[in-house]
Amino acid sequence: MDEELNVLKSIYLDDLIINYDNPISLNIIIDSNGDENDLDREKRLLCITFIAELPSTYPDLNSPKITLCRPRGLTDEQINELNSLIYSCLESNIGSCVLYECIESIRSKLSFYELPQEACAICLTLISNRNDIIKTNCHHFYHKNCLKSYVDMKKIELEENYQELKKNGFYIERDFRNDIEDPVCRQIIANNVIEQLPSSSPSSSIEQNSNEEHRELIKSLSPHIKQWQERTHALFQQQKEKGGIIDLDKSQDMIFS
């Protein structure tokens, strides 16, 4: 066992964490390979944590207990496939050192999956092209153009809020104009993520193409999503008419008039 652990440590270096308590356990975050085996882990889209507990009788009599947890970008079906892969690997290697084969089998499978099976939370459609994907610092996936449109909209909104506070003499503790929240979890999107977004273009033809793509995207939304949008809009109007939603513009006019 010690020899196997030394070999694994020489292969995976600091990525492999070994706990020498009783029982001995190890864990490693397994990533998909990414583009051309990119060494930058943040560019690898899929990952899962591999944990193995090694009984004192491993490998001669007993197999390790392996747990897969904290998946990113994987469906339940894919996770079940990975667990089945581990089970088959253990069954076919009873009495032998098996940890390296298990780890690399999982890595190979993740690279086969390649793309996250999560819909872009902005347009609600699956991402089918690796080059279209951007991952935020809080590990959510979006189409680059979708996130770009969202970021541009939020920048305008934050700038307007900032100028309104400044105009009305409010104390501004810090400049919040770059505090753009992730659409899903509301964590602040890191600047290095925003820098990866497509640059804005003044070309009217590009803007026209973008609008046409947006219209096509709306057409492609499922009837279920469209019905949900219509019901939500109707509910919003109903609540607004009954006074259940505060109109900020009118409220500010009342306060400062």
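In the predicted model, K154 counts as buried, at 13% relative accessibility. The side chain of K154 meets that of E157 in a salt bridge, with an N to O distance of 3.2 Å. Both residues belong to helix α4, where three residues, or about one turn of the helix, lie between one position and the other. E157, in contrast to its buried partner K154, is partly exposed, with a relative accessible area of 34%.

Helix α4 also carries the salt bridge between K148 and D152, whose closest N and O atoms are 3.3 Å apart. Because K148 and D152 are four residues apart in helix α4, about one helical turn separates them. K148 is buried at a relative accessible area of 17%, whereas D152 is partly exposed at 27%.

A further salt bridge is found in helix α3, where the side chains of R107 and E104 meet at 3.4 Å, N to O. These two residues are three apart, again about one turn of the helix. With a relative accessibility of 15%, R107 falls below the 20% limit and therefore counts as buried. E104, at 24%, lies between the limits of 20% and 50% and so counts as partly exposed. In total, the count of salt bridges comes to six, and a network of such bridges links E159, D175 and R177.

R177 also takes part in an arrangement with an aromatic ring: this residue lies over the face of Y162, at 4.0 Å from the ring centre. The ring of Y162 is in turn paired with another. The count of aromatic pairs comes to three. In the pair of Y162 and F176, the ring centres are 5.7 Å apart and the planes stand at 65 degrees; since this angle is over 60 degrees, the pair is edge-to-face. The pair links distant parts of the chain, with Y162 in helix α4 (residues 144-167) and F176, 14 residues away, in the loop between α4 and α5 (191-194). Both Y162 and F176 are buried.

The loop between α4 and α5 also holds I172. This residue is partly exposed, with a relative accessible area of 22%. I172 and Y162 are ten residues apart in sequence, and their C-alpha atoms are separated by 8.3 Å in space. When neighbours within four places in sequence are left aside, the contacts of I172 are with Y162, L165 and K166. Y162 thus appears in the contacts of I172, in the edge-to-face pair with F176 and beneath the charge of R177.

A second loop residue, L45, is located between β2 (24-31) and β3 (47-54). At 7% relative accessibility, L45 counts as buried. The C-alpha atom of L45 is 6.6 Å from that of S32, although 13 residues along the chain separate the two. Apart from residues up to four places away in sequence, L45 touches S32, R72, E114, L115, P116, R130, I133 and F141.

At the surface, V7, I11 and Y100 make a nonpolar patch of about 260 Å². Y100 is found in helix α3, which spans residues 99-113; helix α3 also contains the R107 and E104 pair. The relative accessible area of Y100 is 43%, and the residue is accordingly partly exposed.

With regard to the overall architecture, the secondary structure comes to eight helices and six strands. Along the sequence, these elements follow the pattern α-β-β-β-β-α-α-β-β-α-α-α-α-α. The protein has 257 residues, of which 32% count as buried. Of the contacts between residues at least 6 apart in sequence, 51% join residues at least 24 apart. The exposed area of the protein is about 16800 Å², and carbon and sulfur atoms supply 49% of this area.

How values were computed: Residues numbered from 1 in each chain as written. Predicted model: local features only at pLDDT ≥ 70, side-chain atom pairs only at ≥ 80, totals over all residues. Heavy atoms only, no water. Phe/Tyr/Trp six-rings, centres within 6.5 Å; stacked < 30°, edge-to-face > 60°. Buried < 20%, exposed > 50% of the residue type's maximum accessible area, 1.4 Å probe, protein only. Lys NZ or Arg CZ within 6 Å of the ring centre and 35° of its normal. Contact = heavy atoms within 4.5 Å. Patch = residues over 30% accessible without salt bridge, like charges linked within 9 Å, V, L, I, M, F, W, Y side chains within 5 Å. Areas by Shrake-Rupley, 256 points an atom, 1.4 Å probe, with all protein chains shown as cover. Salt bridge = Lys/Arg side-chain N within 4 Å of Asp/Glu carboxyl O.
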